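Me: Hi! I'm new to this one, so could you walk me through it in plain words?

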Amino acid sequence: MPNPPFHEWTLIEAARKIRDGEISSRELTAALLERIAALEPKINAYITVLPEAAMARAAACDEERARGKASGALHGVPVGLKDIFCTRGVQTTCGSRILAGFDPPYDAGVASKVLASGAVLLGKHNMDEFAMGSSTETSHFGPTRNPWDPSRIPGGSSGGTAASVAAGTCFAGVGTDTGGSIRQPAALCGVVGLKPTYGRVSRYGMIAFASSLDQAGPLTRSVADAAAMLGIIAGHDRRDSTSVDVPVPDYLPAVSRPVRGMRIGLPREYFEGAGLDPEVKAAVERALKILTDQGAVAVEVSLPHTEYALSTYYLIAPAEASSNLARYDGVRYGHRAEGASGLIEMMSKTRAEGFGAEVKRRIMIGTYALSAGYYEAFYGKAQKVRTLIRRDFAAAFEKADALLTPTTPTPAFRIGEKTGDPLTMYLSDIYTIPCNLAGIPGISVPCGLSKSGLPIGAQLLAKHFDEETLFAVAGAVERALPAPGAAPVASAPVHK
Amino acid sequence: MEFEAVIGLEVHAQLSTESKIFCACSAKFGAAPNENSCPVCTGMPGVLPVLNRKAVEYAVRTALATSCRVQRRSVFARKNYFYPDLPKAYQISQYEAPLALAGHVDIETDGGTKRIGITRIHMEEDAGKLVHEGEFAGAQASLADLNRCSVPLMEIVSEPDMRTPEEAGAYLRRLRDILVYLEVCDGNMEEGSFRCDANVSVRPKGQKEFGTKAELKNMNSFRNVEKAVEYEIRRQIETIEDGGRVVQETRLWDANAGVTASMRRKEEAHDYRYFPDPDLLPLVVEDAWVEELRGTIPELPADKIARLSRDYGIPRYDAGILSSSRALADFFERCVALYGGAAKTTANECVHWKDAILAGRLTPETIAHAVEDRESGTVSATASKKLVEAVLETGKAFRALRDEKGLTQLSDASALDAVVDKVLAASPKEVESYRGGKTGLLSFFVGQVMKESRGKANPKIVQEVLKKKLG
Ligand SMILES: [Zn+2]
């Protein structure tokens, strides 16, 4: 067993140790696979684990290194991907029964970039079905549990990735964020989660939930790791018309950039709501103090259309989802219902069996919102409000370089606590959703633990393509706070 | 009561791009089922469409050639519906903001030129097709062939400006000629790369409001479109005269029976739930690009007909046939350039040898030489035809064949003298009768001279020599 505990290393540390020959990729990969075997029964962060493929790739990496041919920033480092990214020949389910057994014939843009960086793919992380959920409870493959308290949810929909990073069953992962699905579980699991600018990372091969909001981004143990991961996955992809062709900077130097003189905006509306837990509020205020102590300036800003963000989101996302998910009809791939007579019955039965309750609920809402006679009142109106929300942010960024808010209203709730009440569940993304509607980048950085020992995250938002400011501010918060330490599940001895 | 028909046409033209509109698959017709398919056009999870620039270029050129206004910004929308040949369960098509608006095409009618308005031109992807049990060997059930999925189409919607089946046919032909001239569509109706639906209604003459329309589908030739529209107009008039009412419906043309029949559909009320496709950014066509493309628009059929008949003094009808193909018209002009002569003769020859010319089997030199030799009297009309046929058979040059076969006419009067003398000497009685006033015998002598010269003598010259000698 590597010593000190390898699972507490950051991604960058692991990459350096392999590069310097302190540890082989095989040793590290085998250790992680052992850890996965021990912890998975407790947290269920993976849908698919790839022991043979991972070991084979680790061996190949070691051999390449021995021949002096190692290339790529993550050469030999074990990582995981949310099961929403298509991986050639490796089952990709999107957390749904309807795609169980689906082996894509191609790699997602993100998957190819991660593999091209030399990383070893350990497996595919659990997630809310089709990324619809805030707790990873809607997965067809069972809920993921929070490594800080297995009776609680890890957040969602990238809950599997967040839990795995927190539990040390991978060094980093890539998730997706449609309304907060990277930042919210990052906050609840005590890790760093970044949603880059819409268009910054390719959506090719990323199974669509709501195309105009979906964005891939890293979940890591440190801000620097997030910067390194973004450097790997960012960049224009000709296969994605919405990906933007702007140069990718080297993000790492931004992490240690001083915050002196930076204007930190506090959106009034984000601190006024009744649902904000006092402990969360206090933790975010502590983060602000850290920043002002380092010379940043606090300014109050207003995002007046915030109150409409949730309802806008719950029209646009389901509308797009209802169309994106229509292709799952049992005709060409995935699950097909048995015993249907005729085409229409086969399609209806397949969809009835293949989709879970939350997915069906959103398909129904979306279908209704787009239907003739309602389009203008719902989808059309929502798009107009979306423009107003985007303008709110543009105005705020004239006063502030970055905005600081809570990531979630409360720490992680208990499994099953909100599943019966979707509307309450939707409120867990209330602070993260406006960022997706505006297409701006956002990061969640750990900013302490609640009295009951649950992680709390602070969210930072910046202008389009200004991820560097996020890294600078998040880096400053991270450096000043005592490390939250390993999650209790993660620190429990797992090997003989 | 006298009725008047109101006809509007919706044409779907397949753009002749190498690849499909949103992926790199080949758009060629006739591949084995599902050979031209990939994750993108088969709608696999996670894939995204990327617009084919060439397809946009072709559609913009069409818009310019039909005097449409090219919209700087147009939007692709999703038309959502379930069907096994539609793998994404939506078709990407322009809807509220199409590529081009408000153009027109002029057609020739008995009453002169008539302008048919074009409402809009938009771009979209085609769907696949289903092959049902028994339709080909081994088919046990309904099978989906996705080769056509995402093949680029352009829909050209006309204003309801046509009043007769002939006008509809003329518009359709003119539109096809334009697309073929632009080389943006091969115009092949049988292979479905040029398809047409017709909206037909009738109303009492003089009434302003439109009658209830029927949409006609399934017409795969120009003749069928005209026949279907003609049938439908008669059917609607008879329905009204019999006290019935025309219902709004889709009708299929049955070419064998020569009738249109109602296409019964249970799921009549479709809600396509259109919305802008979030995977594609709005299409922005820069003015500079439009201007650049404007420079690539060739002379179009209407202009070509006018110019040919004006510049060469040939009848409009001939100019029309020559202009039905850009290649044929070019061929004609090259022939005239090679040998000045009478353009009308050249036009006749080009029309006569049209198929061989379009198949690339004749050079302008061949026709120019044929015309020149005819006009100079070197070759007879019959020999000329034989020689062109020989060119087609052997691939040898016209004049080489002419000399080889000795098909040159004897046009030299002095060379004919001996032959004429011989014929006159052999028929003293006829010579006497002729001189006695039976001038009708001239053709007898001509015939004899032709026979004696084995067809080589130029009949015109023979006549002149005979008349002189017979005094
Ligand atoms: Zn394709």
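What follows is a short chat about the two chains and a few of their residues.

Reply: Happy to! This is a predicted model, where local features need pLDDT of at least 70, side-chain atom pairs count only at pLDDT 80 or more, and totals for chains, interfaces and linings use all residues. Residues are numbered from 1 along each chain as its sequence is written, chains are lettered from A and ligands numbered from 1 in the order in which they are written, and side-chain values use heavy atoms, with hydrogens and water left out.

Me: Cool. How many helices and strands are in chain A?

Reply: Chain A has 18 helices and 11 strands. These are DSSP runs numbered from the N terminus, with helices (H or I) of at least four residues and strands (E) of at least two. The radius of gyration of chain A is 21 Å, close to the 23 Å that the globule rule gives for 496 residues, so chain A is as compact as a globular protein of that length. That radius is taken over C-alpha atoms, and the rule is 2.2 Å times the number of residues to the power 0.38.

Me: And what is the radius of gyration of chain B?

Reply: Chain B has 30 Å, whereas a compact globule of 471 residues would have a value near 23 Å. Along the principal axes, the C-alpha atoms of chain B fill a box of roughly 95 × 55 × 55 Å, while those of chain A fill one of roughly 65 × 60 × 45 Å. Chain B is built with 16 helices and 16 strands.

Me: What share of each chain is buried?

Reply: In chain A, 63% of the 496 residues count as buried; in chain B, buried residues make up 51% of the 471. Buried means under 20% relative accessible area, exposed over 50%, and partly exposed in between (1.4 Å probe, protein chains only).

Me: Switching topic: how many disulfides are there?

Reply: The structure holds 0 over all chains, a disulfide being a pair of cysteine sulfur atoms within 2.5 Å.

Me: Why is there no bond for A:Cys435?

Reply: Because its closest cysteine sulfur, in A:Cys447, is 17 Å away, too far for a bond. A:Cys435 is buried, with a relative accessible area of 0%.

Me: What about B:Cys68?

Reply: The closest cysteine sulfur to that of B:Cys68 is in B:Cys185, 16 Å away and too far for a bond. B:Cys68 also counts as buried, at 9% relative accessibility.

Me: Where is A:Val49, and what does it touch?

Reply: A:Val49 is in strand S1 (residues 46-49) of chain A. Setting aside neighbours within four places in sequence, A:Val49 is in contact with A:Leu33, A:Ile36, A:Leu122 and A:Gly123. Contact means heavy atoms within 4.5 Å. A:Val49 counts as partly exposed, at 31% relative accessibility.

Me: Which strand has B:Asp254?

Reply: B:Asp254 lies in strand S13 (residues 249-254) of chain B, and it is partly exposed, with a relative accessible area of 35%. From B:Asp254 to B:Lys217 is 37 residues in sequence and 9.6 Å in space, C-alpha to C-alpha.

Me: Last one: how many contacts join residues at least 24 apart?

Reply: Counting contacts between residues at least 6 apart in sequence, 76% join residues at least 24 apart in chain A, and 68% do in chain B.
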